[in-house]
Amino acid sequence: MYLVTNGIYFLSYDSKSKIFQSSCQTSVYNILKFKERSKADNFLLNLPKHLQNRGYYVIDAECDTTAPDYVDDTYFDVNCCDDIIADVEKIQTLMRKLSRYKIYASQQHSLVEKEIMDIEHASEFYNLSPLKGYKLYQMLHNARKQRRKYKDNLQIIDYIMSADFTDYVNGNPVDKIKALENRQYEPRVLTELFD
């Protein structure tokens with residue numbers, strides 16, 4: 001019998017036959033089992049998109065060992081510990097940079113919020129010529145883009161800093177960051193503006 005795992009999770013299915021990751025505590029009846037290695041390998045090659053690039057491999061559940069087939073494992077590196085201090089220092093440096101940038105981005109986000117408030121109040125209290133109105137629109141447009149940049153960067157930092165090792169093994173922070181690129185604004189009232 002063959003199972004699909006990444007060393008932390010097994011692939012299982014729910015009552016609607018939807019594939020998901022499950023811990024070792026999951027009922028053994030729900031874990032995907034294959035009688036033939038070739039079928040397990042074929043399933044692995046055709047994993048659903050949300051489970052790809054998460055280090056899954058096939059194991060023989062009958063064997064004592066749960067080691068992956070290293071030949072096809074893109075995450076296996078026999079020399080991965082040779083430069084471990086340098087690698088950890090890179091992570092450490094990244095976390096320090098993100099911590100400092102988070103303070104800066106928060107301050108800039110707050111400043112841009114105040115600029116937007118000033119622009120909105122100027123449009124509320126003054127009758128502007130078309131030229132000045134357009135300039136005010138440009139200012140608001142640019143300020144909103146800056147606000148979005150800082151807001152997104154703060155969200156990315158939160159994804160990175162709040163993730164644990166299991167999240168990184170499963171690719172969760174990267175998936176969340178990629179999802180930011182594909183999101184779309186859902187109008188609350190003025191849907192005609194977005195047609």
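These are my notebook entries on a predicted model of one protein chain.

**Entry 1: overall layout**

I started with the secondary structure. The protein chain has five helices and four strands. Read from the N terminus, the order is β-β-β-α-β-α-α-α-α. I then looked up burial for the whole chain. Of its 195 residues, 24% count as buried. The exposed surface comes to about 14800 Å². Carbon and sulfur atoms supply 55% of that surface. I also checked how far apart in sequence the contacts reach. Among contacts with a separation of 6 or more, 58% join residues 24 or more positions apart.

**Entry 2: salt bridges, beginning with helix H1**

I searched the whole structure for salt bridges and got four. One of them joins Arg37 and Asp41, with the closest N and O atoms 3.1 Å apart. Both residues sit in helix H1, which covers residues 37-45. They are four residues apart, about one turn of the helix. Arg37 is partly exposed at 29% relative accessibility. Asp41 is partly exposed too, with a relative accessible area of 29%.

**Entry 3: Asp152 and its partners**

Next I went to Asp152. It is found in helix H3, residues 130-162. Is Asp152 buried or exposed? I noted Asp152 as buried, because its relative accessible area is 18% and the cut-off for buried is under 20%.

Which side chain meets Asp152 in a salt bridge at 3.2 Å, N to O? That is Arg148. Asp152 and Arg148 are four residues apart in helix H3, so about one helical turn separates them. Arg148 is partly exposed, with a relative accessible area of 34%.

Arg183 also forms a salt bridge with Asp152, at 2.6 Å from N to O. Arg183 lies in the segment after H5 and Asp152 in helix H3, so this pair ties together parts that are 31 residues apart in sequence. Arg183 counts as partly exposed at 37% relative accessibility. The side chains of Asp152 and Arg183 also register as a polar contact at 2.6 Å.

I drew the three residues as one unit in my sketch. Arg148, Asp152 and Arg183 are linked in a network of salt bridges. I then listed what Asp152 touches, leaving out residues up to four places away in sequence. The list holds Leu180 and Arg183.

**Entry 4: Gln155, further along H3**

Gln155 is in helix H3 as well. It is partly exposed, with a relative accessible area of 31%. I took one C-alpha distance here. Gln155 and Lys176 are 21 residues apart along the chain, and their C-alpha atoms are separated by 9.5 Å.

**Entry 5: His109 in helix H2**

I moved to helix H2, residues 84-125, where His109 is found. His109 is buried, since its relative accessible area is 18% and the cut-off is under 20%. What does His109 touch, not counting residues up to four places away in sequence? The contacts are Arg147, Tyr150, Lys151 and Leu154.

**Entry 6: aromatic pairs**

The structure holds five aromatic pairs. Tyr134 and Tyr137 make one that is tilted, 5.8 Å centre to centre with 40° between the planes. These two tyrosines are three residues apart in helix H3, so about one helical turn lies between them. Tyr137 is partly exposed, with a relative accessible area of 45%.

Tyr185 and Phe194 form a tilted pair as well, 5.3 Å centre to centre and 40° between the planes. Tyr185 counts as partly exposed at 48% relative accessibility. Phe194 also counts as partly exposed, at 48%.

I found a ring cluster too. Ring pairs link Tyr101, Tyr104 and Tyr150. Tyr150 appears in the contact list of His109 as well.

Back at Tyr137, I took another C-alpha distance. Tyr137 and Glu120 are 17 residues apart along the chain, with their C-alpha atoms separated by 9.6 Å.

**Entry 7: nonpolar patch**

Last, I looked at the surface around Tyr185 and Phe194. Which residues make the nonpolar surface patch of about 570 Å²? They are Tyr185, Val189, Leu190, Leu193 and Phe194. I checked Leu190 on its own. Leu190 lies in the segment after helix H5, residues 172-182. It is partly exposed, with a relative accessible area of 44%. The patch thus includes both rings of the Tyr185 and Phe194 pair.

Note on methods:
Residues numbered from 1 in each chain as written. Predicted model: local features only at pLDDT ≥ 70, side-chain atom pairs only at ≥ 80, totals over all residues. Heavy atoms only, no water. Buried < 20%, exposed > 50% of the residue type's maximum accessible area, 1.4 Å probe, protein only. Polar contact = N/O pair within 3.5 Å; in protein donor to acceptor, adjacent residues only side chain to side chain. Contact = heavy atoms within 4.5 Å. Patch = residues over 30% accessible without salt bridge, like charges linked within 9 Å, V, L, I, M, F, W, Y side chains within 5 Å. Areas by Shrake-Rupley, 256 points an atom, 1.4 Å probe, with all protein chains shown as cover. Phe/Tyr/Trp six-rings, centres within 6.5 Å; stacked < 30°, edge-to-face > 60°.
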